[in-house]
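I set out to record the strand order of one sheet, the helices packed on it, a helix pair, and the contact between two domains. My entries follow in that order.

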Amino acid sequence: MRTSICLFTRDLRVHDNPVLQHAARADRVIPLFVLDEAVLRGPFTRPNRTAFLLDCLRDLRTSLGELGGGLVVRTGTPATEVAGLADEVGATEVHVAADVSAYAQAREDSLREALRTRECALHVHDAVVTAHPPGDLVPGGKDHFAVFTPYFRRWAAAPMRRVAAMPEALRMPRLRTGKLPAREELCPGELSPELPTGGESAGRQLARQWFADGIAEYESGHDDLAGDATSRLSPYLHFGCVSPVELVDRAGNSEPERAFVRQLAWRDFHHQVLAARPASSHRDYRPRGDRWREDPEAFRAWCDGRTGVPLVDAGMRQLAAEGWMHNRARMITACFLAKTLHLDWRLGAQHFLDLLVDGDIANNNMNWQWMAGTGTDTRPNRVLNPVRQAERYDPTGEYIRRYVPELRSLPAKALHDPRRIDPADLDRLGYPAPIVDVDAANAQFRADRGQP
Ligand SMILES: Cc1cc2nc3c(=O)[nH]c(=O)nc-3n(C[C@H](O)[C@H](O)[C@H](O)COP(=O)(O)OP(=O)(O)OC[C@H]3O[C@@H](n4cnc5c(N)ncnc54)[C@H](O)[C@@H]3O)c2cc1C
């Protein structure tokens with residue numbers, strides 16, 4: 001009798017999951033999730049993502065139960081837990097998704113090592129976390145694409161794997177499944193008040209709504225900060241509650257659908273950079289000789305949304321309230337930290353990871369490097385001016401008013417450019433004056449980078 005273990009990592013779904021599909025071909029399958037103690041103790045575990053993860057696991061347990069199985073939950077080191085379970089049930093195969101971070105690659109190595117002496121095969125499945133496997137699309141003689149546009153051309157032309165069928169039924173031996181801990185046990189601390197509900201059911205519902213009545217406005221509206229016209233699927237993609245392959249498969253050929261698919265390709269792009277250069281999660285991908293300032297007060301003001309630059313503060317407060325921020329606001333706030341305040345991008349990236357429910361080493365840290373001009377941007381010294389960005393992407397000031405309520409009574413012109421706000425009004429409203437002269441600081445950044 002063939003017994004397999006389906007080790008879930010960040011592929012927390014029963015639909016289009018090649019890991020589950022293959023594991024379920026055995027006579028008996030044990031779906032397993034290991035609460036990894038090293039991750040739980042590390043800097044990546046934060047209340048917002050832990051709460052979302054637990055929603056995902058509850059939902060997955062229900063879905064697997066409906067298929068006749070269940071979800072076994074263990075706490076410990078994945079390799080030790082998997083090997084122990086393999087011994088307990090006599091498993092001869094373990095299935096897991098390939099992933100890109102240095103940590104995920106080390107986890108795969110230790111799994112392989114633990115199973116080597118046990119006559120238990122490890123099957124690592126590609127195109128589960130991303131639509132195209134990192135490393136599949138490479139330019140001649142190189143191990144990854146460093147520029148998005150040629151990557152996207154290859155990505156769009158390459159055949160994608162078929163959507164995997166969900167198993168009709170699971171046959172699972174009787175086993176102690178283990179209790180799911182409460183969120184506070186895993187990660188105490190405050191949650192963002194407007195956190196979305198995690199799980200495949202919520203993710204699929206959101207995707208259905210998005211394709212039915214959201215996507216049509218995507219191309220024209222994705223940068224409109226107040227319009228909030230993006231899919232908000234990022235946390236569900238991060239935890240694998242929805243499948244990138246299924247989203248691409250479902251999208252048609254209209255302009256907005258193509259624009260959406262292009263964004264999904266950005267996700268794959270950053271994953272293939274990180275897979276090839278795991279150290280770029282913390283080391284400059286392209287060092288530029290920057291000498292970042294140390295200024296804890298300015299950093300605190302940025303984190304708290306009290307820089308005195310309304311659009312930057314609106315973005316940072318959206319992050320605190322929702323554990324999510326609009327992409328345009330992520331770009332503006334990140335650029336402001338690195339190129340206006342001249343603070344190290346790693347500080348900003350860690351603060352984002354502390355709060356983002358979609359916080360993801362590949363997408364977060366590679367986008368931070370892009371914005372700091374140490375990454376894959378072909379125009380690394382470009383600077384986003386928050387006044388012009390506000391005029392363009394929040395013309396009525398609605399986004400700023402939503403997240404910086406003390407400025408609600410001010411006209412759009414003043415919200416866009418805080419130099420137009422009377423200092424007496426700032427005092428009355430309890431809002432700080434700008435902590436930096438934006439134009440002078442941006443000019444200094446360009447000069448430091450050797451740009452006229
Ligand atoms: C400084 C900075 C940090 C970021 N940190 C993260 C992060 O930790 N996790 C994360 O998922 N995204 C991150 N992004 C990318 C992007 O901002 C979010 O993916 C997007 O805002 C999520 O909202 P959405 O699902 O509504 O996106 P949509 O516009 O609906 O896009 C659909 C999907 O495409 C992918 N996508 C879109 N834009 C990007 C991009 N620039 N890079 C990679 N993938 C993209 C996401 O998976 C997203 O869910 C970051 C961007 C910046 C500038």
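**Sheet.** I looked up the strand order in this predicted model and found an open sheet of 5 strands, arranged β3-β2-β1-β4-β5 with parallel pairing. I noted that β3 (72–76) and β5 (121–125) are the edge strands; each has a single partner strand, so one side of each has no neighbour in the sheet. From one strand to the next, I read an average twist of 30°.

**Pairing at one edge.** I then asked how many bridges join β2 to β3. I found 5 bridges between β2 (residues 28–36) and β3, and the two strands run parallel. I also looked for the partner of D36 and found that G76 in β3 is bridged to D36.

**Helices on the sheet.** I checked which strands helix α3 (residues 47–66) lies across, and recorded β1 (3–8), β2 and β3. Its direction is at about 170° to β2. For helix α4 (residues 78–89), I recorded β1, β2, β3 and β4 (93–97), with the helix running at about 155° to β2.

**Helix pair.** I next turned to α16 (residues 345–355) and α17 (residues 361–372), whose axes come within 10 Å and cross at roughly 145°. I entered the crossing of α16 and α17 as right-handed. On the α16 side, I listed W345, G348, A349, F352 and L353; these meet I361, N364, N365, W368, Q369 and A372 of α17. By class, I found 7 nonpolar and 4 polar residues in this contact, and no charged residues.

**Domains.** I took the domain assignment of the chain as domain 1 (3–128), domain 2 (130–160 + 201–276) and domain 3 (296–448). How far apart are the centres of domain 1 and domain 3? Over C-alpha atoms, I read a separation of 38 Å. I found 7 residues of domain 1 in contact with 10 residues of domain 3. Between domain 1 and domain 3, I noted a buried area of about 770 Å², with 50% of it on carbon and sulfur atoms. I asked which residues of domain 1 lose the most area to domain 3. I entered F44, N48 and R49, which together account for 57% of what the domain 1 side buries.

Definitions and conventions. Residues numbered from 1 in each chain as written. Predicted model: local features only at pLDDT ≥ 70, side-chain atom pairs only at ≥ 80, totals over all residues. Heavy atoms only, no water. Pairing = 2+ DSSP bridges. Helix = DSSP H or I, 4+ residues; strand = E, 2+ residues; numbered from the N terminus. Axes fitted to C-alpha atoms, helices over the stretch in contact; angles between N-to-C directions. Contact = heavy atoms within 4.5 Å. Left-handed = near helix turned anticlockwise from the far one by under 90°. Nonpolar A, V, L, I, M, F, W, Y, C, P; charged D, E, K, R; others polar. Domains from an automatic or database assignment. Buried area = accessible area lost by both parts, 1.4 Å probe.
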